[in-house]
Amino acid sequence: MKRIFTISGLVLLCFFFINSAFAQNVTVKGKVTDAANGETLIGVSVSVKGTSTGTQTDVNGAFSLSAPSNATLVFSYIGYDAQEVPVNGQTSLDVKLKAKSSALNEVVVIGYGTQRKIDNTGSVASVKGADISKQASTNPLSALQGKVSGVTITNNGTPGSSPQISIRGLGTVYGNVSPLFVVDGVWYSDISFLDNNDIENITILKDASSTAIYGVRAANGVVLVTTKHGVKGKPVINYNGYVGWQSVTNQVKMANATEYATAINELVTYNNNVGAPADAKPPLFSDPASFGKGTDWYGQILRNALVTSHQVSISGGTEKTTYDFSFGYLDQDGLVKSNNYQRYTLHLANEFKPISILSLGYSANGVYSFSKDAPGGIFHQLYAASPTLPVFYADGKYGDPADYGTGNGNNFNPEATLDFTNHRTVNHRITGDVHGELSILKNLKFRTSFGGDLGQIEARGFTPVYSATAAQTTTSTNLNIEHTETRNWIWENTLTYNYQYKAHKLTALVGYSAQNNRTYQIVANANGVPYVRNGNLYTSFPPGDTTVTRIRNAADQLHNRTLSQFARINYSFQDKYLLNASIRRDGASQFYPKPYGYFPSIGGGWVITNESFMKDQHIFDNLKIRGSWGKVGNSVVPINPSVQTVAADPYLTAIFGNPQVAYQGASINTIVPPAIVWEKAVASDIGIEGAFLHNRLSFEADYYNRQTQDAIFAIPVLASIGTNSGNLIGNQASIQNRGFEFSLTWKDRIGSDFSYSVSGNIGINNNKVLSVQSGKNPIYSGGNGIANGNLATRTVVGEPIGEFYGYKVTGVFQTQAQVDASPQKNTNTQPGDFIYQDTNKDGSIDSKDRVVIGNPNPKISYGFNTSFTYRQFDLALDFQGVADVDVYNANLGFRFGNENFTQDFYDHRWHGPGTSNTYPSANIGANNNSKPNSFFVESGAYFRVRNAQLGYTLPGLSLKRYGIQKVRVYANAQNAINIFGYKGFTPEIGGSVGNMGIDADVYPLYATYNFGVNVTF
């Protein structure tokens, strides 16, 4: 009986303790924030010490966990010190995590993996997705403007357009200038298919040590994009939306009708002075004042444009799987009436962990966009159109320039151009990857991924039968269709080995990659296509006797394949001494018979503050010196032409025989060049990173020197060879970009309610062509918007790429006597024309007197970014600008007759002796005055309030009863304040290499004002 009693007592005692344990479980709720700035931390791991029970903080930094009342909770987060907090029966805990020693402990994304910033030996910059999604930019790249030193973003006002991006200057003349974009491991040429809200992080690799692992495509830098894949926790639904309007900034003011008529009458007088007396013409307008202000063509065609964006996402996960799904919609009107762009985006991402050693996943992005395109050349028409011309006559007909005799230069009515333009562009695109990772051994992982880019773009233009003005009329319909398809895939496999022994840390990576890229295009047009509605233009056909013309070009079929092998080693000893080395071998089919290239890199670093002699100092919290060297390639260059092309022109006709017969001759267009190989960039970088004042003040500085070797450059050929082209292209030049980058950040918190951060960055770059094997032969280009076939830019040894080149203006002729005593006396020059510098002092003005007149490559770019938080209010102010850069205002001289003038030109023009010594007469379009010259070159420097956003987060307690976790409302203004001296719409002018910085018919930028809301359920 005693034994039975003892056993029964033990059983009862066990049940007592078990029941007591369950009875003492409490639900602990709380919030985790950054101890320095009070920002909520998302995805913090919260676990019960000694058990497998745990959770993660949600988007508000909140958590809820059931735990024994005497348990200890462990809070851990990447980049922060882990913290253990006893429960002690509490049901509410607010925890503040301290960042590890500095930002150097943050994990950054690098090629084919991640790495602590302290271990990184290259120049790498990261921008959080939260900073990108705050911007009212329709393209993620635009949101980077002013955020990263050494990165120049040039925007365009066309709805749906992608900005140009340059990392550490321009290193090619004929090759691709854009960086490589890698989204979730897949290679792309742009990221226009992404919604800003789908991005988790963007990392920019700037130096060759960081980019060499991407070898053949890394010469212009690499942009790594990580999209959202969800975090473990309950399902979270987010809605992000805004609505607003966009308006043109710094609109150019044009001369009104009275002023225009006055200036045109002056122009008639100047033309009479040059021509024969018998050909003299009377003034075109007998009473200029009778026209009053006339038509404001900018006001007639431009508008305040509506823009709205909406995105809904759901994310969450368990121990076995995470997910993130989203759908987005963008509707953006253009500044031009009827111009519109609509985009639908879909993002799907899943990660699965069926067993502990295996993870599988996929990421997919879909985009469909549709645009009603603005007429080509519309901004030149608005600039040139006569303000004396009414939009419509009283009878409803279009105002006709022929009725006013203004000539061919502005023989158009912009409203008619807009009304009869019917051009649509449709884009379908699917991108993404599937991947898997297997832990073969404890420290050895195998990863495989297969990704692709499938796209189809169809641009369709239709011209109906119409008669608007004497010059704007057609007698037959015309349909033009351009169909382009892209089929790209990439398959990559890597093995990663991580090893740590005492103070030694080693990560080794080997990989294999195969790529296939194919683009094909069909362009065709036909007359006489019937029109019922827009939809039938894709199925209607012209009459049977109508010829359908296929337009061929070199880009009809592009197909290339690449096979690559690569390896990398990262080594750290005592977290003091760092080594990074990589090698990549690429073989590309487009460079047969020399398809292979090798791209090595090496980098080293020294974390000085981890040395024993630095332990007692109190100046630096962190200090690291690093240096790197590497070689990378640019494979996106002109493909080797293998077909000798000829042209048959009338001037080649020869007459032989008796009777005489005309025989058509032909000439070789160009010589097939020697084999072209990829351009190579060899770069070195020295940098220093550090932090002071308890990590509140951090800085980073770099000096870099990058040389493009085997750059493709024009090689002159003798005219006696008989080719139409005077040169061929080949690898024969070297180009240098070198400069400094500096960034500084201050983060602090004042009291419990107010936190703020202030950061600034600046990049200084100098671009120069170092050498050309065939000598100092220049490449002339820059003909966009330049009259009479003149070229405004030159690329030559010792100077930057695409510098402005022309005549230096020293004044304006005031009298005929002054003209007669000048080197320009025999060139039809008259009073009111430019005086050009006789550079070589030979007594005449000709092409040998041209000099460098400007540089479109910005030497200085900078940004200044701030954020402030006070209780529920937040304010972000971003500033950005460039300096020491020039713009060529081609609009002023792009004239063929009686185009309009700007108000500035009219007010300052020469119209008699002594009236101006800087601005010419109304005859600015004459051959002598419209030649590329220094008058058209202006400073392209600007300072801009890039973004200003004020937000308010509603108190959470009052919302949770409705199932709402967070609501934030905000007002935003982008590009609202622009300060510059340029006399055009904006000095932010892009363009292809050789045409960069030339303002001719450029779609202007806009300011955006919008109101938005972020809701989390």
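Which residues form a nonpolar patch on the surface? Good morning, everyone; let me start there. The patch is made of Ile 355, Ile 357, Leu 438, Ile 440, Leu 441, Leu 495 and Val 510. Together they have about 560 Å² of accessible area. If you want one residue to click on, take Ile 357, which sits in the loop between β20 (340-355) and β21 (358-372). Its relative accessible area is 39%, so Ile 357 falls in the partly exposed class.

Before we go on, a word about what we are looking at. This is a predicted model. The average pLDDT over the chain is 89, and 90% of the residues score at least 70. Please be careful with residues 1-23, though: the pLDDT there is below 50. That stretch also has zero contacts in the model beyond near neighbours in sequence.

Now to charges. How many salt bridges does the structure hold? The count is 31, and I have picked three to show you.

The first on my list joins Asp 453 and Arg 429, whose side chains meet at 2.9 Å, N to O. Asp 453 belongs to strand β23 (residues 444-463) and Arg 429 to strand β22 (residues 422-439), so this pair links distant parts of the chain, 24 residues apart. Are these two partners buried or exposed? Asp 453 is buried, at a relative accessible area of 6%, and Arg 429 is buried too, at 11%.

Next on my list is the bridge between Arg 487 and Glu 485, with the closest N and O atoms 2.8 Å apart. Here the two partners fall into separate classes: Arg 487 is partly exposed at 32% relative accessibility, whereas Glu 485 is buried at 10%.

My last pick is Arg 626 with Glu 689, at 2.6 Å from N to O. This pair again links distant parts of the chain, with Arg 626 in strand β32 (residues 620-634) and Glu 689 in strand β37 (residues 679-692), 63 residues apart. Both ends are buried: Arg 626 has a relative accessible area of 2%, and Glu 689 has 3%.

I like this pair for another reason, too. Arg 626 and Glu 689 belong to a network of salt bridges. The other members are Lys 117, Arg 168, Lys 206, Lys 624, Asp 685, Glu 700, Asp 702 and Glu 741. It is worth colouring that set when you open the model yourselves.

Let's turn to the aromatic rings. Searching the whole structure gives 42 aromatic pairs. Take Phe 392 and Tyr 398: their ring centres are 5.0 Å apart and their planes lie at 35°, so we call the pair tilted. Phe 392 is partly exposed, with 39% relative accessibility, while Tyr 398 is buried at 15%.

Another tilted pair is Tyr 888 with Phe 936, where the centres are 5.7 Å apart and the planes are at 40°. Which parts of the chain does this pair tie together? Tyr 888 lies in strand β49 (residues 886-889), and Phe 936 lies in the loop between α10 (927-930) and β50 (937-939), so the connected parts are 48 residues apart in sequence. Both rings are buried, Tyr 888 at 2% relative accessibility and Phe 936 at 1%.

These two rings also have company. Ring pairs link Tyr 888 and Phe 936 into a cluster with Phe 804, Tyr 807, Phe 834, Tyr 836, Phe 901, Phe 905, Tyr 919 and Phe 935.

To finish, two single residues. Ser 69 is in the loop between β4 (62-68) and β5 (72-76), and it is buried, with 16% relative accessibility. What does Ser 69 contact, leaving aside its neighbours within four places in sequence? The partners are Gln 24, Asn 25, Val 26, Val 87, Asn 88 and Gly 89.

The other residue is Thr 262, found in helix α4 (residues 257-274). At 25% relative accessibility, Thr 262 is partly exposed. Setting aside neighbours within four places in sequence, Thr 262 touches Pro 288, Tyr 906 and Arg 909. For a sense of scale, Thr 262 and Lys 768 are 506 residues apart in sequence and 46 Å apart in space, C-alpha to C-alpha.

That's my tour. Thanks for listening, and I'm happy to take questions.

Terms used. Residues numbered from 1 in each chain as written. Predicted model: local features only at pLDDT ≥ 70, side-chain atom pairs only at ≥ 80, totals over all residues. Heavy atoms only, no water. Patch = residues over 30% accessible without salt bridge, like charges linked within 9 Å, V, L, I, M, F, W, Y side chains within 5 Å. Areas by Shrake-Rupley, 256 points an atom, 1.4 Å probe, with all protein chains shown as cover. Salt bridge = Lys/Arg side-chain N within 4 Å of Asp/Glu carboxyl O. Helix = DSSP H or I, 4+ residues; strand = E, 2+ residues; numbered from the N terminus. Buried < 20%, exposed > 50% of the residue type's maximum accessible area, 1.4 Å probe, protein only. pLDDT = per-residue confidence, 0-100. Contact = heavy atoms within 4.5 Å. Phe/Tyr/Trp six-rings, centres within 6.5 Å; stacked < 30°, edge-to-face > 60°.
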